[in-house]
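Student: Please pick one part of this model and go through it closely. I would like the contacts and the surroundings in one connected account.

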Amino acid sequence: MAPTEAGSAPPVSRGPAAGRRGADRGVDVLAVLTLPGVERSVPYARRFLRDTLVPGHVSARDEVLDDMALVVDEFTGNGIKHTASGDGGSITLVLLAGRDMLRAEVTDDGAGGLRPVLRAAPEGENGRGLHIVGALAERWGHRPDGPRTTVWAEFRRRD
Ligand SMILES: Nc1ncnc2c1ncn2[C@@H]1O[C@H](COP(=O)(O)OP(=O)(O)OP(=O)(O)O)[C@@H](O)[C@H]1O
Ligand SMILES: [Mg+2]
C-alpha cells in the first residue's frame with residue numbers, strides 16, 4: 001500500500017494522557033522507548049515491541065507480531081542509516097493501540113529535510129525496505145516533527 005501523506009495519521013493523546021484512552025479516536029499510547037542511534041538498538045526495539053504487546057494485546061503466536069517486528073526493524077534501521085540519529089543521535093519508538101488496530105511510530109533526528117521515499121525500482125540490496133513495509137502494514141506514512149521525521153505504520157488487530 002502506498003504511504004499516507006504527512007499529517008493524516010490520526011491524532012493521539014500524549015504526555016499526561018499516555019496510557020489512558022486518547023480523546024480523539026480512542027488511541028492509547030502503550031509505551032515509549034528512546035534508544036541511541038546505533039545498529040545495536042534495532043534488536044532492543046524488536047524485543048521492546050514484543051514485551052509491550054504480549055500477552056496483553058496480542059498472543060505470542062499472532063502473526064501480526066512478526067509483521068510489526070519487521071516494520072519496526074526497518075523504521076529503526078532507516079532512522080539510523082539515513083538520518084542524523086545515526087550520527088550520535090537517538091530514535092524514539094512509540095507503540096499505540098486503538099480498538100481495531102495497533103500502531104508503531106519511529107521518530108528520528110531528521111535528514112536535512114529529506115524524508116522517506118519509495119524507490120520506484122529497487123536495485124540490488126537497497127530500496128526494498130519500504131516496499132516490504134507497504135506489503136505488511138495496513139497503512140503507513142510519515143510526518144515532519146520540526147526537522148525530525150516520524151514514520152508510522154498501522155496493523156489490523158486479528159484477535
Ligand atoms: N527516516 C528517513 N528519513 C529520511 N529518509 C529516509 C528515511 N527512511 C528512508 N529514507 C529514504 O527512503 C529511501 C527508501 O528507503 P528504503 O528503506 O525503502 O530503502 P533503503 O533503506 O535505502 O534500503 P533497504 O531498506 O532495502 O536496505 C532511502 O534510500 C532513503 O533515501
Ligand atoms: Mg531501509
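Tutor: What follows sets out the chain as a whole and then stays with one helix and the parts around it.

The model is predicted, so local features are given only at pLDDT of at least 70 and side-chain atom pairs only at pLDDT 80 or more, while totals for chains, interfaces and linings use all residues. Residues are numbered from 1 along each chain as its sequence is written, and chains are lettered from A and ligands numbered from 1 in the order in which they are written.

The protein chain contains 3 helices and 5 strands; these are DSSP runs numbered from the N terminus, a helix being H or I over at least four residues and a strand E over at least two. Read from the N terminus, the order is β-α-α-β-β-α-β-β. The chain has 159 residues, of which 36% are buried. Here buried stands for 20 or more other C-beta atoms within 10 Å of the residue's own, exposed for 12 or fewer, and partly exposed for values in between, with C-beta atoms placed from the backbone. Two residues are in contact if their C-beta atoms, placed from the backbone, lie within 7 Å. Of the contacts between residues at least 6 apart in sequence, 64% link residues at least 24 apart.

The part chosen is helix 2, residues 63-82. Two packed helices are described by the angle between their axes and the distance between the axes. The axes used here are lines fitted to C-alpha atoms, for helices over the stretch in contact, and the angles run from 0 to 180 degrees between N-to-C directions.

Take helix 1 (residues 41-53) as the first partner: its axis comes within 9 Å of that of helix 2, and the two cross at roughly 145°. This crossing is right-handed, a term for the near helix being turned clockwise from the far one by less than a right angle, with anticlockwise giving left-handed. From helix 1, Ser41, Val42, Ala45, Arg46, Leu49, Arg50 and Leu53 take part in the contact, and from helix 2, Leu65, Met68, Ala69, Val72, Asp73, Thr76 and Gly77. By class, these residues are 8 nonpolar, 3 polar and 3 charged. Nonpolar covers Ala, Val, Leu, Ile, Met, Phe, Trp, Tyr, Cys and Pro, charged covers Asp, Glu, Lys and Arg, and the others, Gly among them, are polar.

The loop between helix 1 and helix 2 holds proline 55. The peptide bond from valine 54 to proline 55 is cis, with omega near 5°.

Helix 3 (129-136) is another partner. The axes of helix 2 and helix 3 come within 10 Å and cross at roughly 150°, so the two helices are roughly antiparallel. That label applies to angles over 145 degrees; under 35 is roughly parallel, 65 to 115 roughly perpendicular, and the rest oblique. The crossing of helix 2 and helix 3 is left-handed. Asp67, Leu70, Val71, Glu74 and Asn78 of helix 2 meet Gly129, Ile132, Val133 and Leu136 of helix 3. This contact is made up of 5 nonpolar, 2 polar and 2 charged residues.

Helix 2 and helix 3 also both contribute to the shell around ligand 1, as does strand 5 (148-156), each with at least two residues. The shell counts residues whose C-beta atom, placed from the backbone, lies within 6 Å of the molecule. It has 20 residues, the closest being Asn78, Pro116, Arg128, Gly129 and Leu130. Helix 2 supplies the most, 5 residues. The shell is 6 nonpolar, 8 polar and 6 charged by class.

Two residues outside helix 2 complete the account. Glycine 88 sits in the loop between helix 2 and strand 2 (90-97) and is exposed, because it has 10 C-beta neighbours inside 10 Å. Its C-alpha atom is 6.4 Å from that of glycine 37, 51 residues away along the chain.

Aspartate 108 belongs to strand 3 (residues 101-108) and is buried, with 29 other C-beta atoms within 10 Å. Leaving out residues up to four places away in sequence, aspartate 108 touches Gly79, Thr83, Ser85, Ile91, Arg148 and Thr149. From C-alpha to C-alpha, aspartate 108 and serine 85 are 5.7 Å apart, with their positions 23 residues apart in sequence.
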